[in-house]
Amino acid sequence: MVKMIAEIGKHSIDVTMDLGRMLFFWLKLLISWPKRLFQWAEIVHQIYYIGVLSLIIIVMSAAFIGMVVSLQGFNTLERFGAETQLGSLVALSVFRELGPVISALLFAGRAGSSVAAEIGLMQVTEQIDSMEMMAVNPMVRVMFPRLVAGIIVLPCLSIIFSYIAMLLKISKKLSF
């Protein structure tokens with residue numbers, strides 16, 4: 001019993017320390033907001049790298065999710081004779097709920113893992129340390145363009161997701 005309580009306490013301390021590290025990371029990133037103009041070339045490169053390259057998974061998932069929602073909605077609405085409301089059902093469910101959530105999850109999975117692997121490789125090969133030795137702030141040079149690109153790209157991907165999912169609704173002329 002005592003061992004179990006000790007394990008719970010150790011786990012709680014580890015989680016609290018991880019949350020503290022994340023908080024300090026975000027504070028350092030916000031404090032190191034660039035004093036000079038943004039690095040627009042690097043931000044545009046990151047928009048392509050994390051946004052445009054994520055587009056294919058967003059479009060494919062949106063197409064299939066839109067088709068599934070419309071198929072399930074059609075089957076349900078057909079029972080009540082309300083097939084004409086299918087467009088509204090798909091639009092509201094995708095635009096309000098599914099679009100932002102699914103696109104954010106797909107973005108985090110694809111772009112987040114890619115950026116984490118890139119920064120992890122930079123840390124292992126000591127590129128981050130060499131930037132600090134050359135008096136270049138790695139938060140401004142490495143992290144800030146990725147943050148700004150993510151802030152720009154994610155709403156755009158969410159809009160594209162919602163549009164594609166609503167575009168591919170099934171018409172009532174099709175019979176299943």
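**Entry 1: helix α6**

I began at the start of α6, where N137 caps the N-terminal end of the helix, with a side-chain oxygen 3.1 Å from the backbone nitrogen of M139. The model I am reading is a predicted one.

I then followed α6 along its length. The helix has 30 residues. From its first C-alpha to its last I noted a reach of 42 Å, close to the 44 Å expected at 1.5 Å a residue. I also looked for a bend and found one of about 40° at F144. A proline, P145, follows within four residues of that position.

**Entry 2: the nonpolar core**

Next I looked up the largest nonpolar core, which holds 28 residues. Which of its members touch the most others? I recorded I50, F107 and V142. As to where the core comes from, α3 (55-79), α4 (86-124), α5 (127-133) and α6 (138-167) each supply at least two of its residues.

I listed the contacts of F107, leaving aside neighbours within four places in sequence. The residues are I50, S54, G112, G150, V153, L154 and L157. I50, noted above as a well-connected core member, is therefore one of the residues that F107 itself contacts, by the cut-off of heavy atoms within 4.5 Å.

**Entry 3: S103**

I turned to S103, which lies in helix α4. Is this serine buried or exposed? Its relative accessibility is 0%, so I entered S103 as buried. For its side chain I found a polar partner in the backbone: the backbone oxygen of G99 lies 2.6 Å from a polar atom of the S103 side chain.

Beyond residues up to four places away in sequence, S103 touches I58, L98, L154, L157, S158 and F161. L154 and L157 are familiar from the previous entry, where they appear among the contacts of F107.

**Entry 4: salt bridges**

How many salt bridges does the model contain? I counted three.

I took D14 and K10 to begin with; their side chains meet in a salt bridge at 3.1 Å, N to O. Both residues lie in helix α1 (residues 2-31), four residues apart, about one turn of the helix. I classed D14 as partly exposed, because its relative accessible area is 35%. K10 is also partly exposed, at 48% relative accessibility.

I next recorded D18 with R21, whose closest N and O atoms are 2.6 Å apart. These residues are three apart in helix α1, so about one helical turn separates them. D18 is partly exposed, with a relative accessible area of 41%.

The remaining entry is E118 with R146, with the closest N and O atoms 2.9 Å apart. This pair links distant parts of the chain, for E118 is in helix α4 and R146 in helix α6, 28 residues apart. I noted that E118 is partly exposed, with a relative accessible area of 25%, whereas R146 counts as buried at 9% relative accessibility.

**Entry 5: positive phi**

Finally I looked up backbone torsions. Which residues other than glycine did I note with a positive phi? E126 has phi near 65°, and A135 likewise has phi near 65°.

I located E126 in the loop between α4 and α5. At 52% relative accessibility, E126 counts as exposed. I located A135 in the loop between α5 and α6. A135 is exposed as well, with a relative accessible area of 72%.

Notes
Residues are numbered from 1 along each chain as its sequence is written. This is a predicted model: local features need pLDDT of at least 70, side-chain atom pairs count only at pLDDT 80 or more; totals for chains, interfaces and linings use all residues. Side-chain values use heavy atoms; hydrogens and water are left out. A nonpolar core is a set of buried Ala, Val, Leu, Ile, Met, Phe, Trp, Tyr and Cys residues joined through side-chain atoms within 4.5 Å. Buried means under 20% relative accessible area, exposed over 50%, partly exposed in between (1.4 Å probe, protein chains only). The expected span of a helix is 1.5 Å times one less than its number of residues. The bend at a residue is the angle between axes fitted to the seven residues ending there and the seven starting there. A polar contact is a pair of N or O atoms within 3.5 Å; within protein, one must be able to donate a hydrogen and the other to accept it, and residues adjacent in sequence count only if both atoms are side-chain atoms. A salt bridge is a side-chain nitrogen of Lys or Arg within 4 Å of a carboxyl oxygen of Asp or Glu.
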